[in-house]
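Here is a short walk through one protein model, written for someone who likes to keep a viewer open while reading. Please load the structure and follow along.

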Amino acid sequence: MQDYAYLLAIDTCGPTGSVALGQQVDGELHILGEAQFDGRRGSDSLVSSVSELLSMAEVQLPKLSAIVAVNGPGSFTGVRVGLAAVKGLAESAR
């Protein structure tokens, strides 16, 4: 039996932001998709980028095993946007 987990990673700390969706299968991480966006406007693009990644991979938010956020170094606003997004996604996924 395969052991797998879906992982979502968010980085909003730099001049460009990024999100990536991975699947860990038997200890190996496979990147299913990733997207980059202007980090200064991350709050405009972040949630739609996450939605597009999940949709493309046909993964529903509650199926995520973990959501990871980069916590710096970076601008305080960028860190705050990333952590707030993770908290919101985690709350809605229960």
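The text below goes from the sheet to the helices, and then to a few single residues.

**Ground rules**

This is a predicted model, in which local features need pLDDT of at least 70, side-chain atom pairs count only at pLDDT 80 or more, and totals for chains, interfaces and linings use all residues. Residues are numbered from 1 along each chain as its sequence is written, and side-chain values use heavy atoms, with hydrogens and water left out.

**The sheet**

Helices (H or I, at least four residues) and strands (E, at least two) are DSSP runs, numbered from the N terminus. Two strands pair if DSSP finds at least two bridges between them. With those terms in hand, look for an open sheet of four strands in the order S3-S2-S1-S4, with mixed pairing. S3 and strand S4 (64-69) are the edge strands, each pairing on one side only. From one strand to the next, the twist averages 15°. Angles like this run from 0 to 180 degrees between N-to-C directions, and axes are lines fitted to C-alpha atoms, for helices over the stretch in contact.

Helix H2 packs on this sheet, where H2 touches strand S1 (4-11) and S4. The direction of H2 makes about 165° with that of S4. Contact here means heavy atoms within 4.5 Å.

Strand S2 (residues 16-25) and strand S3 (residues 28-38) pair in the antiparallel sense over 10 bridges. Two pairs help you find the register: Gly 17 has Phe 37 in S3 as its bridge partner, and Gln 23 stands opposite His 30 in S3. The hairpin of S2 and S3 has two residues between the strands, and Asp 26 takes a positive phi there, near 50°.

**Helix H2**

Helix H2 covers residues 76-93, which makes 18 residues. The reach from its first C-alpha to its last is 26 Å, close to the 26 Å expected at 1.5 Å a residue; the expected span is 1.5 Å times one less than the number of residues.

Which residues of H2 are buried? They are Gly 78, Val 79, Gly 82, Ala 85, Val 86, Leu 89 and Ala 93. These buried residues lie on the same side of H2, because they cover an arc of only 135° around the axis. The arc is that of the directions from the helix axis to the C-beta atoms. Buried means under 20% relative accessible area, exposed over 50%, and partly exposed in between (1.4 Å probe, protein chains only). On the face turned away from the buried side, H2 carries the exposed residues Phe 76, Lys 87 and Glu 91.

H2 is followed by Arg 94, whose phi is positive, near 60°, although Arg 94 is not a glycine. Most residues other than glycine have a negative phi. Arg 94 is exposed, with a relative accessible area of 90%.

**Three buried residues**

The table lists where three residues sit and how accessible they are.

| Residue | Place | Relative accessible area |
|---|---|---|
| Thr 12 | loop between S1 and S2 | 4% |
| Leu 46 | helix H1 | 2% |
| Ser 49 | helix H1 (residues 42-57) | 10% |

Thr 12 is a good place to zoom in. A polar atom of the Thr 12 side chain lies 2.5 Å from the backbone oxygen of Gly 78, and a polar atom of that side chain lies 3.1 Å from the backbone nitrogen of Gly 82. A polar contact is a pair of N or O atoms within 3.5 Å; within protein, one must be able to donate a hydrogen and the other to accept it, and residues adjacent in sequence count only if both atoms are side-chain atoms. Leaving aside neighbours within four places in sequence, Thr 12 is in contact with Phe 37, Leu 46, Gly 78, Val 79, Val 81 and Gly 82.

Where does Leu 46 make its contacts? Leaving aside neighbours within four places in sequence, Leu 46 is in contact with Ile 10, Thr 12, Val 19, Phe 37, Val 81 and Ala 85. The C-alpha atoms of Leu 46 and Ala 20 are separated by 11 Å, with the two residues 26 apart along the chain.

The side chain of Ser 49 has a polar atom 2.9 Å from the backbone oxygen of Ser 45. Beyond its neighbours within four places in sequence, Ser 49 is in contact with Val 19 and Phe 37.
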